[in-house]
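Let's take a walk through this protein together, going from the overall layout to the pairing of individual strands. Please keep the structure open beside the text as you read.

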Amino acid sequence: MASISLQHLIKRYGIGKSANQVIHGVSAEVADGEFVVIVGPSGCGKSTLLRMVAGLEEITGGQVKIGNRVVNDLEPAERDIAMVFQNYALYPHMSVFENMAYGLKIAKVPAAEIRQRVDKAAAILEILPFLQRKPRELSGGQRQRVAMGRAIVRQPQVFLFDEPLSNLDAKLRAQTRLEIQKLHRELGITSLFVTHDQVEAMTLAQRMMVMNNGVMEQFGTPEEVYNRPATTFVASFIGSPPMNLLKQAPDARPGTITGVRPEHLDIGPTGWALKVEAVELLGAERLVYGRWQHGGDEVVVLRTDESHTVPGLGQTICVQPRPGKIHWFDTVSGQRKEAP
Amino acid sequence: MVERTPLLDALSHAILVLGVLVIAFPLYLTFVASTHTSSDIVHPPMSLWPGSHLIENYTAAWNGSGGGNGSKAPVGQMMLVSLFSALVIALGKISISLLSAFAIVYFRFPGRMFFFWAIFITLMLPVEVRIGPTYQVVADLGMLNSYAGLTVPLIASATATFLFRQFFLTVPEELVEAARIDGAGPMRFFKDVLVPLSSTSIAALFVIQFIYGWNQYLWPLLVTTSENMYPVVIGIKRMISGGDAQTEWSVVMATAILAMLPPAAVVILMQKWFVKGLVDTEK
């Protein structure tokens, strides 16, 4: 187990004028035993960042420290890490046991100890009955557990997960998410988990790193990211439906965008006047889409539950943002501004 | 094949049966001829049923004790030469191509594209163009009339390299990365992961190259000078004495049948491995 220190990491492909920089100086400190999720849209650089920590991508600038060692020039096998891939990356011609034992075999661990470690990991992941099977004889979820088992037997200082749940169906995803949480509680190994799914991020992370276009926009606990987003990107990325970012709100501060989450707008007798454009019924709740009664083409989304009657289309309603749940962002930079 | 009407079905089967007959009939005749005496063969019509001289002819062929004015080289010895060269050529080609495909696909080194195209260009040179210079080199190196001379010049193979290259390109990148993280170096990865995954391709190539090596005629003809280094295909030709001299046809036919057996055996044996490999493959 060890802490991870990312110091001003830069990644550039190519050299000279046609070089393409994809990571622009990311710095973060991950504590020993912490489960950190790196989340962001496709192409934001999160996988590249993970691979730089793993040693599968060269580090163009900056430093990565695992524990107290600077690992920039170390091979992946020397960094004391283990990785779980999106496509499992199991050796197809080897049995589950051999897949899990391969790394240990190369490290010349004695056969008895290999047996013991593999059995223990297989027990934790409930794959003991499959040890002699080949990967093609297993389902997707079982394969992913074998991939995790392969990582566990290495007893590394750091676990790296590269979108491991993306290839699973929704139900299996939820199940495996819980298993990963359980695993982390039991083993307590420092973990970096990359995903594009904000639900996975919110549920698994002790702290999360929100990335956009190679820049780390915010690094904080799920509560911080949800309640005090640092930029408009973070604000609209976390939360479904995304936060309303309004330029034409009635009591707007000059030079700012007003942000309010759909779940923090209440229909009431007074407040902002909206003309209802559409209503979506989702069972336990409803999404109401409205435009400002005073004109303009901004759409405001709010969530209401069953206790309110469904507003009719074209009807005018008043919504009140809850106190303390309004956010302000600079119009130009997108950065958060504090309450006046 | 299952066609829609019984008529078409019967027609397809008829065509296939006809094809088999066309190909198999000469082989059958050869076998029949190898069981008669030479005088039976040259006096038409030759009987279509096997005769009674099977053991006599085959032993004569094997030991080289047949009559006639053609070569009397013992077929047993020649089959050994053929077997040895075919095996060395097949295994040599496979090993070299595996390694060169591995280098081309998984390593970045200066001149990489140059070597790739150089290998590719050798495919465009027909054997006849390069045979003169190759003979010169082999003679200068003193490898004439030896196993080395028979096999080494034939071992480099561009086709096999490409086959393996195409296969290696289908191996997912993540497998390489997982192996890297597990601590496997390039050769370890090659031995533990790549080669086992290539087993179907290797089996297929082995069959093709073995038959290629077994059937080599032109090159052994040039390179060998003594009877005990002839492969069996040359032996067959030399048994047929030209002109008016008498040829011991029964022995020639027996030799031909003997020469066909090892390649047929290889194909039949390797077929099982093919099918198993094809059924098993999945990533």
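The paragraphs below begin with the domains and then turn to the strands.

Keep in mind that this is a predicted model. In chain A, the domain assignment gives domain 1 (4-233) and domain 2 (241-337). Taken over C-alpha atoms, the centres of domain 1 of chain A and domain 2 of chain A are separated by 38 Å. How many residues of each are in contact? Five residues of domain 1 of chain A are in contact with seven residues of domain 2 of chain A. On the domain 1 side of that contact, the residues divide into three nonpolar, two polar and no charged.

Next, have a look at an open sheet in chain A, where six strands follow the order 6-7-8-3-9-10 with mixed pairing. Strand 6 (81-84) and strand 10 (215-220) of chain A are the edge strands, each pairing on one side only. From one strand to the next, the twist averages 15°. Within this order you can find strand 3 (residues 35-39) of chain A running parallel to strand 8 (residues 190-195) of chain A, with five bridges joining them. To locate the pair on your screen, try Val39(A), which stands opposite Thr195(A) in strand 8 of chain A.

Further along chain A come two hairpins that share a strand. Strand 14 (residues 272-281) of chain A pairs with strand 15 (residues 285-292) of chain A over seven bridges in the antiparallel sense, and Val279(A) stands opposite Val288(A) there. Three residues lie between these two strands of the hairpin, and in the turn Gly283(A) has a positive phi of about 95°. Strand 15 of chain A also runs antiparallel to strand 16 (residues 299-305) of chain A, joined by seven bridges, with Gly290(A) opposite Val300(A). This hairpin has six residues between its strands, and Gly295(A) in the turn has a positive phi of about 105°.

Finally, turn to strand 17 (residues 316-321) of chain A. Which residues make up its covered face? They are Ile317(A), Val319(A) and Pro321(A), while Thr316(A), Cys318(A) and Gln320(A) form the uncovered one. In a regular strand, side chains alternate between the two faces of the sheet. Residues of the covered face also appear in the pairing: Val319(A) is the bridge partner of Ile267(A), and Ile317(A) is the bridge partner of Leu274(A). The first of these pairs belongs to strand 13 (residues 265-268) of chain A, which runs antiparallel to strand 17 of chain A over four bridges. Strand 14 of chain A is likewise joined to strand 17 of chain A by four bridges, and those two run antiparallel.

How values were computed
Residues are numbered from 1 along each chain as its sequence is written. Chains are lettered from A and ligands numbered from 1 in the order in which they are written. This is a predicted model: local features need pLDDT of at least 70, side-chain atom pairs count only at pLDDT 80 or more; totals for chains, interfaces and linings use all residues. Domain bounds come from an automatic or database domain assignment. Two residues are in contact if their C-beta atoms, placed from the backbone, lie within 7 Å. Ala, Val, Leu, Ile, Met, Phe, Trp, Tyr, Cys and Pro count as nonpolar, Asp, Glu, Lys and Arg as charged, and the others, Gly among them, as polar. Two strands pair if DSSP finds at least two bridges between them. Axes are lines fitted to C-alpha atoms, for helices over the stretch in contact, and angles run from 0 to 180 degrees between N-to-C directions. A residue is buried if 20 or more other C-beta atoms lie within 10 Å of its own, exposed if 12 or fewer, and partly exposed in between; C-beta atoms are placed from the backbone.
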